[in-house]
Amino acid sequence: MGTRPQLNHKHGHRLTRKARGGPYYFRRRDPRCPSREVALSLGTRGFRLAEAMAHALDSRFLQALRDTPSVTIAELRRILRDYLQELLDEDMQRRATTPG
């Protein structure tokens, strides 16, 4: 049984989990065609980190729509997946260099 989606009304994205204690997912509907959406695993179980990553992904989503209005949903997924990987790599690097 999945948990209830947490909608961020200010930004329009959702944080969801498929199972209690599982990783969070970023979900965002395509405003040009509301029946389509992008859903990505954020790879974290921490709510605060997931929230920050979702906010960053939402900003990148909107930027991609502004920069290329004809971008397809498949291209949006690829753009967001690549950006998410950058965020995860930066987080891993920061953790590796932070003492403690």
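**Figure 1. D30, a buried residue in strand β3.** In this predicted model, D30 has a relative accessibility of 3%, so D30 counts as buried, since the cut-off for that word is under 20%. D30 belongs to strand β3. Look for the side chain of R32: a polar contact of 2.8 Å joins this side chain to that of D30. Now set aside the neighbours within four places in sequence. Which residues is D30 then in contact with? They are R36, E37, F61 and I73.

**Figure 2. The hairpin of strands β2 and β3.** Here you can follow the chain along one strand, through a turn and into another. Strand β2 covers residues 14–17, and strand β3 covers residues 24–30. The two strands run antiparallel, and four bridges join them. To find your place in the pairing, start at L15, which stands opposite F26 in β3. How many residues lie between the two strands of this hairpin? There are six, and G21 in the turn has a positive phi of about 85 degrees.

**Figure 3. Strand β3 also pairs with strand β4.** This view stays with β3 and turns to another partner. Strands β3 and β4 are paired in the antiparallel sense, with six bridges. A handy landmark is R27, which stands opposite A39 in β4. These strands form a hairpin too, with two residues between them.

**Figure 4. S41, a partly exposed residue of strand β4.** Is S41 buried or partly exposed? Its relative accessibility is 32%, which lies between the 20% and 50% cut-offs, so S41 counts as partly exposed. The strand that holds S41 is β4. The side chain of S41 reaches the backbone nitrogen of G43 at 3.3 Å. Beyond the neighbours within four places in sequence, S41 is in contact with P23, Y24, Y25 and L84. You can also locate T16, whose C-alpha atom is 9.2 Å from that of S41, although 25 residues separate the two along the chain.

**Figure 5. D58 in helix α1, with R28 as a polar partner.** Helix α1 spans residues 47–67, and D58 is part of this helix. With a relative accessible area of 2%, D58 falls under the 20% cut-off and is therefore buried. Where does the side chain of D58 make a polar contact? The partner is the side chain of R28, at 2.5 Å.

**Figure 6. Helix α1 and the residues it buries.** This helix has 21 residues. From the first C-alpha to the last, α1 reaches 30 Å, close to the 30 Å expected at 1.5 Å a residue. Its buried residues are A50, M53, A54, A56, L57, D58, F61, A64 and L65. What do they pack against? Their packing partners are β2, β3, β4 and α2.

**Figure 7. Helix α2 and its cover.** Helix α2 runs over residues 73–97, which makes 25 residues. Its reach from first to last C-alpha is 36 Å, close to the 36 Å expected at 1.5 Å a residue. Seek out I73, L76, I79, L80, L84, L87 and D91, the buried residues of α2. The cover over them includes β3, β4 and α1.

**Figure 8. The largest nonpolar core, with 19 residues.** Inside this core, the residues with the most contacts are V38, L42, L76 and L80. Elements that give two or more residues to the core are β3, β4, α1 and α2. Which element gives the largest share? It is α1, with seven residues. In soluble globular proteins, nonpolar side chains tend to be buried together. For a closer look, choose L42. Not counting residues up to four places away in sequence, L42 touches L15, Y24, Y25, F26, A50, M53, A54, L57, L84 and L88.

**Figure 9. The close-ups placed in the whole chain.** The protein chain has two helices and four strands, and their order along the sequence is β-β-β-β-α-α. Of its 100 residues, 31% are buried. Among contacts with a separation of 6 or more, 39% are between residues 24 or more positions apart. The accessible surface of the chain is about 6,800 Å², and carbon and sulfur atoms account for 50% of this surface.

Technical notes
Residues numbered from 1 in each chain as written. Predicted model: local features only at pLDDT ≥ 70, side-chain atom pairs only at ≥ 80, totals over all residues. Heavy atoms only, no water. Pairing = 2+ DSSP bridges. Buried < 20%, exposed > 50% of the residue type's maximum accessible area, 1.4 Å probe, protein only. Polar contact = N/O pair within 3.5 Å; in protein donor to acceptor, adjacent residues only side chain to side chain. Expected span 1.5 Å × (residues − 1). Contact = heavy atoms within 4.5 Å. Areas by Shrake-Rupley, 256 points an atom, 1.4 Å probe, with all protein chains shown as cover. Core = buried A, V, L, I, M, F, W, Y, C linked by side-chain atoms within 4.5 Å.
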